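Hi,

Here is the model I said I would pass on. Have a look at it, and then read my notes below.

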Amino acid sequence: MLASLVVSVNGSNFAFYKLSLTWPNSVCKITTCKTPIPTYFTIHGLWPTFGNDIPVPPYNPTSNKCNPNPTSPDDIVGELAPIKGELDKKWPNLWVRKTNVDFWKIQWQHHGMCSDYPRDPLDYFKDTLNLAQSKRFDPFKALGVQPSDQTPHLLHTLLENAYKNFGAYPQITCSMPKKGILLLKEIRFCLKRTKKTPPSVVQNCPTYVGDRCTNPLTDYVWLRATPTIFGPHNVTSDLLAST
């Protein structure tokens, strides 16, 4: 009985998942990426999250034994062999210093081991792939923009577009490679945790913005930054002054 209580308190009582998709064009403006840089959203992860929007901590056999005897990160590589080609394309590690396998192991340890797939890494990664590749979770369609878009958008407008096109508010996070320049970094779709996997019921994310995005009513966000916007001026301030 004590063991089951510990499991419940530390991790298994999470409320929803975040399907986090990364826009490489923005991420690779602030870090050194492998080439060629993908021209589509890639997967960051599928993250168990508490109702207050705090992520479930990584599995730890002492402090967070969220599931009994989950598959070890070192044991997932062989199990992922049937979908490795898809993972390499859609779930790559963008940064030069780590391999794709390193990235998958981290995502499994930090999120998969405390998910509803603790001993089934193949289904965890396969279901995440299927979600990310479905038209339903197409960020461009949800946001109402094109991959080649070079126009700054009011964050509030993007969120409202997503609510209209997707049916729920996502979370949008931003990077700031230069003062006053906000680039769309990730979009995170929230899905309710139910008794069935994969998760399929969408919900509003509790927090609509993150990282360097702070105010949907004043923040203007670029999807694809052009070299000219990195001049000596504050784009957000300039746009606000003209509206």
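What follows is a run through what turned up, from overall picture to single residues.

First, the ground rules: this is a predicted model, in which local features need pLDDT of at least 70, side-chain atom pairs count only at pLDDT 80 or more, and totals for chains, interfaces and linings use all residues. Residues are numbered from 1 along each chain as its sequence is written, and side-chain values use heavy atoms, with hydrogens and water left out.

**Confidence**

The chain has a mean pLDDT (the predictor's confidence in each residue, from 0 to 100) of 89, and 88% of its residues reach 70 or more. Two stretches fall below 50. Residues 1-10 are one of them, with 10 contacts (heavy atoms within 4.5 Å) beyond near neighbours in sequence. Residues 231-243 are below 50 as well, and that stretch has 18 such contacts in the model. Where pLDDT is low, the predicted coordinates should not be read in detail.

**Overall make-up**

Nine helices and eight strands make up the secondary structure (DSSP runs numbered from the N terminus: helices are H or I with at least four residues, strands are E with at least two). Of the 243 residues, 49% are buried (under 20% relative accessible area; exposed is over 50% and partly exposed is in between, with a 1.4 Å probe and protein chains only). Among contacts with a separation of 6 or more, 71% are between residues 24 or more positions apart.

**Strands**

Strand β1 (residues 16-22) runs antiparallel to β2, and seven bridges join them; strands count as paired if DSSP finds at least two bridges between them. Across that pairing, K18 stands opposite W47 in β2. Strand β2 (residues 42-49) has eight of its eight residues buried, so the rest of the structure largely encloses it.

Further along, β4 and β5 are antiparallel too, over six bridges, with K178 and I181 as bridge partners. Their hairpin has two residues between the strands, and G180 there takes a positive phi near 85°. β4 also pairs with strand β7 (residues 209-211), this time in the parallel sense over three bridges; C174 has D211 in β7 as its bridge partner.

**Core**

The largest nonpolar core (buried Ala, Val, Leu, Ile, Met, Phe, Trp, Tyr and Cys residues joined through side-chain atoms within 4.5 Å) has 53 residues, and F125 and L184 have the most contacts inside it. Elements that each supply at least two residues include β1, β2, α5 (100-110) and α8 (155-166). The largest share, six residues, comes from α6. Not counting residues up to four places away in sequence, L184 touches W23, S26, F41, L143, L158, I172, T173, V221, W222 and L223.

**Rings**

There are 14 aromatic pairs (Phe, Tyr and Trp rings, using the six-membered ring of Trp, with centres within 6.5 Å; planes under 30 degrees apart are stacked, over 60 edge-to-face, the rest tilted). F137 and F189 make an edge-to-face one, at 5.5 Å centre to centre and 70° between the planes. F137 sits in the loop between α6 and α7 and F189 in strand β5, so the pair ties together parts that are 52 residues apart in sequence. Both rings belong to buried residues: F137 has a relative accessible area of 1%, and F189 has 0%.

W91, W108, Y117, Y124 and F125 form one aromatic cluster. There is also a charge over a ring (NZ of Lys or CZ of Arg within 6 Å of the ring centre and within 35 degrees of the ring normal): R193 lies over the face of F14, at 3.9 Å from the ring centre.

**Two residues to click on**

K192 lies in strand β5 and is partly exposed at 39% relative accessibility. Its C-alpha is 9.0 Å from that of K18, 174 residues apart along the chain. Beyond four places in sequence, K192 is in contact with A15, F16, P199, V201, V202 and Q203.

T22, in strand β1, counts as buried at 4% relative accessibility. The C-alpha atoms of T22 and R188 are separated by 8.7 Å, although their positions lie 166 residues apart along the chain. Leaving aside neighbours within four places, T22 contacts V27, Y40, F41, T42, H44, L94, K185 and E186.

Cheers
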